[in-house]
Amino acid sequence: MAPSKQPSFNSVIIVGAGPSGLLLALCLATLDPRPEITILDAAETLNRAPRATHYGTPAIKLFRKVGILAEMRRDGYMPRDVCWRKLDCTRITGLSWDTVGKDLDSDAMTVYPVGDLAHLLERELRSRADVKIRWGCKVSGIKSGLDADDETATVEFEEGGESKQCTADYVVGTDGGNSTIRRLVFGKRNFPGHSWEEQIVATNTEIDLDQFGFEDSNFIIHPVHFYMAARIKPDLDPKKNVWRISYGELPGLSTEELMERLPMKFEQILPGSPKPDEYCVLNKSPYRVHQRCVDSMRINRVMLAADAAHLCNPFGGMGLTGGIADISALFQCLEGMHKGLVDDSILSTWSDVQRKKWHEIIDPISSSNIRRLFAQDPDKALEQDGFLQMLKRSEENADLQKELHKAGDQLLHDYTQYFQKSGTVDKQANVANGGESAGLDEVAS
Ligand SMILES: Cc1cc2nc3c(=O)[nH]c(=O)nc-3n(C[C@H](O)[C@H](O)[C@H](O)COP(=O)(O)OP(=O)(O)OC[C@H]3O[C@@H](n4cnc5c(N)ncnc54)[C@H](O)[C@@H]3O)c2cc1C
């Protein structure tokens, strides 16, 4: 196809103002001419629950591309180390970030709470592009866009008690794990995969774990008392450090029961068996965790991305990082379409490639990340667990450490290879989404 002067689309509706929807909006706002961007969200304001904090390479590259990485690194931080331990705190092995750069060119992991990220993205959207989120707009129907011959897509939503409609060239559902868009497209129960029996309680807790020699991220292996303690807000006063402490809980307990058990669990699992007056829980929430992926992320004019399309357990920080890899890739495809370098069949390629990445990388790695914590004897972990053995080897091998840090690049794919060669595509898009694969298959946060 010949590069066209007319953009192939003029408007996009984004359903869901979580981090993935807001990032897509900020990317779309850079296109010239800028398409009309409508963001609908059922909630009244941004979600502040304790969820993502750690982001891997694909996310870091996109944060840099949209110009928010410097602020994230100024207000967040880059961890120095991660390790695996037994419940008595004996260190099994770990990985240091000393071999990677700490400047803005570095793709090293960055810690920044997802609530702050959403806030930053909302602010940038408003100031750079005057795009405002339409809060209190719950999408409840898709009127058109799902059939191959539909020329536009229309969603139905409720706002202030009234039923309304909105039409655009494309709709992107970034409406999270309970996605309405996904249910409308595939039915209520059709989200292939499985849910873990184990429940997870995630907390943000002010506590002094430095006194026990804890590193920036610590994964504790135990059949019952498995947990992760990761520093999410460093402070010069060790008592003021905020840690994400996420631990496994028994199946079948209600939210009230889980919350009542929290002090007892902390006393059982944390070093020094702390009593409630020795820590301050700033935020807490129980989660069921799942490994699921839709059969297609593109149904004609309607796309599903990030949690709306696939879920994984949080150990290893692959959920939103994988979601942002979707967004980065989707934007690369939409940008190519907008510049007339490729037709919209690229969106089906996007769906196929991103799903393959989930099935071949995100699902197996995140599943082994959680199993590593509860499904093995901590005393035999180093003898039996190939990943821990590789980490052990890397302790003496800086090149292997560097390779491990690049493992997240495997989630990237260069979609410009499908574009017509004569056109010019933003080289940044290529950089943000086409890194080399490190050939290693484990990611740790
Ligand atoms: C404990 C925990 C820790 C985690 N840690 C990490 C980590 O360190 N690193 C990482 O990469 N990932 C992590 N994750 C995963 C990460 O938090 C999620 O992948 C991410 O928040 C999903 O973002 P999203 O934008 O796809 O969806 P969401 O943030 O869920 O946003 C969806 C939005 O859609 C809106 N919405 C829903 N239904 C409708 C509707 N019908 N109409 C309109 N709007 C609607 C909602 O109001 C919401 O604002 C973690 C998850 C958990 C639970």
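A polar contact is a pair of N or O atoms within 3.5 Å; within protein, one must be able to donate a hydrogen and the other to accept it, and residues adjacent in sequence count only if both atoms are side-chain atoms. This is a predicted model, where local features need pLDDT of at least 70 and side-chain atom pairs count only at pLDDT 80 or more, while totals for chains, interfaces and linings use all residues. Residues are numbered from 1 along each chain as its sequence is written, and side-chain values use heavy atoms, without hydrogens or water.

**View 1. Polar contacts of the ligand.** An N or O atom in the side chain of Asp307 sits 2.7 Å from an oxygen atom of the ligand. For Arg51, a polar side-chain atom is 2.6 Å from a ligand oxygen atom. Thr180 has a polar side-chain atom 2.8 Å from a ligand nitrogen atom. On its own, the ligand has 1000 Å² of accessible area (Shrake-Rupley method, 1.4 Å probe), and the protein covers 89% of that.

**View 2. The shell around the ligand.** The ligand has 32 residues around it (a heavy atom within 4 Å). Ser20, Asp41, Arg51, His54 and Asp307 come nearest. The shell holds 15 nonpolar, eleven polar and six charged residues. Here Ala, Val, Leu, Ile, Met, Phe, Trp, Tyr, Cys and Pro count as nonpolar, Asp, Glu, Lys and Arg as charged, and the others, Gly among them, as polar. Helix H1 (19–28), strand E8 (137–144) and helix H7 (319–338) each give at least two shell residues. Helices (H or I, at least four residues) and strands (E, at least two) are DSSP runs, numbered from the N terminus.

**View 3. Two domains and the ligand.** An automatic or database assignment sets the domain bounds: domain 1 is 11–78 + 111–193 + 291–433, and domain 2 is 196–289. Both domains give residues to the shell, so the ligand lies between them. Their C-alpha centres are 28 Å apart. In contact (heavy atoms within 4.5 Å) are 23 residues of domain 1 and 26 of domain 2.

**View 4. Two backbone details.** Asp32 and Pro33 are joined by a cis peptide bond, with omega about -5°. Pro33 lies in the loop between H1 and strand E2 (36–40). Cys89 has a positive phi, near 80°. Its loop runs between strand E4 (81–86) and strand E5 (91–96).
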